[in-house]
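Here are my notes on this model. Please read them with the structure open.

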Amino acid sequence: MTTSEIKSPQEKPSPSGIPHKSEHDSVVNSDPSSASTRRKKLSIYFAESDERRTSISGGYVGGTTPVNIRGKPITNLSKTGGWIAAFFIFGNEMAERMAYFGLSVNMVAFMFYVMHRPFSSSANAVNNFLGISQASSVLGGFLADAYLGRYWTIAIFTTIYLAGLTGITLCATIKVLTPNQTNCDQLSLLLGNCEPATSWQMLYLYVFLYITAFGAAGIRPCVSSFGADQFDERRRDYKTLLDRFFNIFYLSVTIGAIVAFTMVVYIQMKHGWASAFGSLAIAMGISNLVFFAGTPLYRHRLPGGSPLTRVAQVLVAAARKRNAPFSSSDFVGLYELPGKRSAIKGSEKITHTDDFRCLDKAALQLKEDGMNPSAWRLCTVTQVEEVKILLKLLPVTACTIMLSLILTEFLTLSVQQAYTLNTHMGHLKLPVTCMPVFPGLSIFLILSLYYSIFVPLSRRLTGHPHGASQLQRVGIGLATSILSVAWAAIFERYRRNYAIKHGYEAIFLLPMPGLSAYWLLIQYCLIGIAEVFCIVGLLEFLYQEAPDAMRSVGSAYAAVAGGLGCFAATILNNIIDSVTGNTEEGRPSWLSQNINSGRFDYLYWLLTAMSVINFFIFLFCAQRYKYRARPGLQVELSLGNIPEECSKTNQAEN
């Protein structure tokens, strides 16, 4: 599109004081050589007006200005925020992740050994728990950005989380809530002769399991964003601080996971299920106290009103004006508030871009709009750009669903593999449920060495100050996940052949002394590396690229992708069960409960092929993605090619 399509009418002066088009024919009719030049010259035709009614009764200067818990601007930032406030948030996240992973790794075994459910249905139930807790995170992000703010959203949902954990602890404590365990030994479990849980017992467990999932859904999209809010965007080293924050944040996630896979498992083995789940509830209660103790130190951002409403307004306004051409004589300009003010609370202005030009119709100001048009008919450029950004973030985030699918399959399937392997480390025998601790340990090690080894080495190759850009880190993570699942396929084929050769085909819950479980460490460590690069890079990418007033929703993108990966794992497992297995013919499926007669290796090869395809799709999306321009930089660039009198006008307004 050429800039001549967007113009001010000759018979009417621009509301912002910009001269008539006739005075700038040389600018409008020029043939710019790049998209950036078009955007520079396009900026002088933004029609600005103070008279438009907005949903929040006025514009906001410095929309991202930190406020205290009462919504008042913080006059002395030195007494709030920073690393001290962030560490209170790290403590809350550490306990939440400890509870989350503690449930995810123990619940499959609890359902199998205590509730007497088959492995396949137990794994699917846990996958659904993981999926719901992540996919519904968009609700927590919406409430935080629209009404409650991130602090109060975390405060409410951590309480819900604690209630869910308490209910699960009671399930493991009160005998009437579990089936009879008399005469239920391992052989009876294998043969399916143990008394199964009744429907109401399973209903009780599912209710509190999904209450816990709902609590996690409200916390997850807010914690990382709330922690990042504690740092001042005006500092020169802001991007460095943000980069280190997200690395330490994920380090706290990893520590929580390590504790869940070791101490909680140890408590379960020594003191039983009630003590294990009770320890998670106690940890969550303590983390709540720690989080509330840091309240005087926190910096807050004003909620910007319903993001879904603003998105809907853009779509409706664009649809109403879909037939209105930019070259119409009724066209006044693209609407925006004057100066530095934004019509959206908690947000700075966003510079216009040429992406999704059909949405620009929502900001198309026509004569017929009048002086006080409805927000469902005319939106600001910033509001339109919010929707554009959300759309542009989707493809990159969607490409990480595959990593979540692999992680989910590893979390459940690798436990079944470990049951058939020797888990002795010298004289120490590790419980099978401790095996997922090794990805956490690899993540801990990598994050600890990240700035001392990876960043200096990669900086020499890329020239990037942080070693690699956010999208490059996501790409490295996705590439490493391919290696992880490919190795899993190779080793599983070897493990299965070994079991058949040595007469273990029918005995799938007894370890084979001659084959060590520590061969699984290779796939665990590779998937840990993939997590470090992909998830940490994605969280930082979403926080920086998301609109100011939608950062919780932006962070929820990562959680939703994780949830969709869990659901995708369940769907994939069900499809494989139905397609590859046939009970009438006596043909076991790839995911047979007897892992030695199943074909987990085929599933892993399928995941490898899917990951390779997904990686090339990501490369295509990442290559086309343009990082968001910041208002200060864009204003400076925009003034470069504007005639002197226009430049003075804009500088006076700002």
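1. Lys 367 is partly exposed: its relative accessible area is 36%. That value is over the 20% below which a residue counts as buried and does not exceed the 50% needed for exposed, so the intermediate label applies. The residue sits in the loop that runs between strand 3 (364-366) and helix 11 (381-398). Its C-alpha lies 9.9 Å from that of Gly 333, and the two are 34 residues apart along the chain. Keep in mind that this is a predicted model.

2. Leu 280 is a buried residue of helix 9 (residues 273-293). Its relative accessible area is 0%, and the cut-off for buried is under 20%, so the assignment follows directly. Beyond its neighbours within four places in sequence, Leu 280 is in contact with Met 98, Ala 99, Gly 102, Leu 103, Leu 165 and Val 264. The C-alpha atoms of Leu 280 and Phe 101 are separated by 10.0 Å, with their positions 179 residues apart along the chain.

3. Which charged residue is buried yet has no salt bridge? Glu 531 is the one to look at. This residue belongs to helix 15 (residues 520-545). The nearest side chain of opposite charge is Arg 97, at 8.1 Å. A salt bridge would need the charged atoms within 4 Å.

4. Glu 531 does have a polar partner. Its side chain and that of Tyr 250 are joined by a polar contact of 2.6 Å. Setting aside residues up to four places away in sequence, Glu 531 touches Leu 407, Ile 443 and Val 536 as well as Tyr 250.

5. Helix 8 deserves a look along its length. It covers residues 238-271, which is 34 residues. From first C-alpha to last, helix 8 reaches 47 Å, close to the 50 Å expected at 1.5 Å a residue. Where does helix 8 bend? The bend is at Ala 260, by about 30 degrees. After helix 8 comes Gly 272, with a positive phi near 100 degrees.

6. Now the chain as a whole. The secondary structure comprises 19 helices and seven strands. The chain has 654 residues, and 58% of them count as buried. Among contacts with a separation of 6 or more, 84% are between residues 24 or more positions apart.

Terms used. Residues are numbered from 1 along each chain as its sequence is written. This is a predicted model: local features need pLDDT of at least 70, side-chain atom pairs count only at pLDDT 80 or more; totals for chains, interfaces and linings use all residues. Side-chain values use heavy atoms; hydrogens and water are left out. Helices (H or I, at least four residues) and strands (E, at least two) are DSSP runs, numbered from the N terminus. The expected span of a helix is 1.5 Å times one less than its number of residues. The bend at a residue is the angle between axes fitted to the seven residues ending there and the seven starting there. Buried means under 20% relative accessible area, exposed over 50%, partly exposed in between (1.4 Å probe, protein chains only). Lys and Arg count as positive and Asp and Glu as negative; His and the chain ends are not counted. A polar contact is a pair of N or O atoms within 3.5 Å; within protein, one must be able to donate a hydrogen and the other to accept it, and residues adjacent in sequence count only if both atoms are side-chain atoms. Contact means heavy atoms within 4.5 Å.
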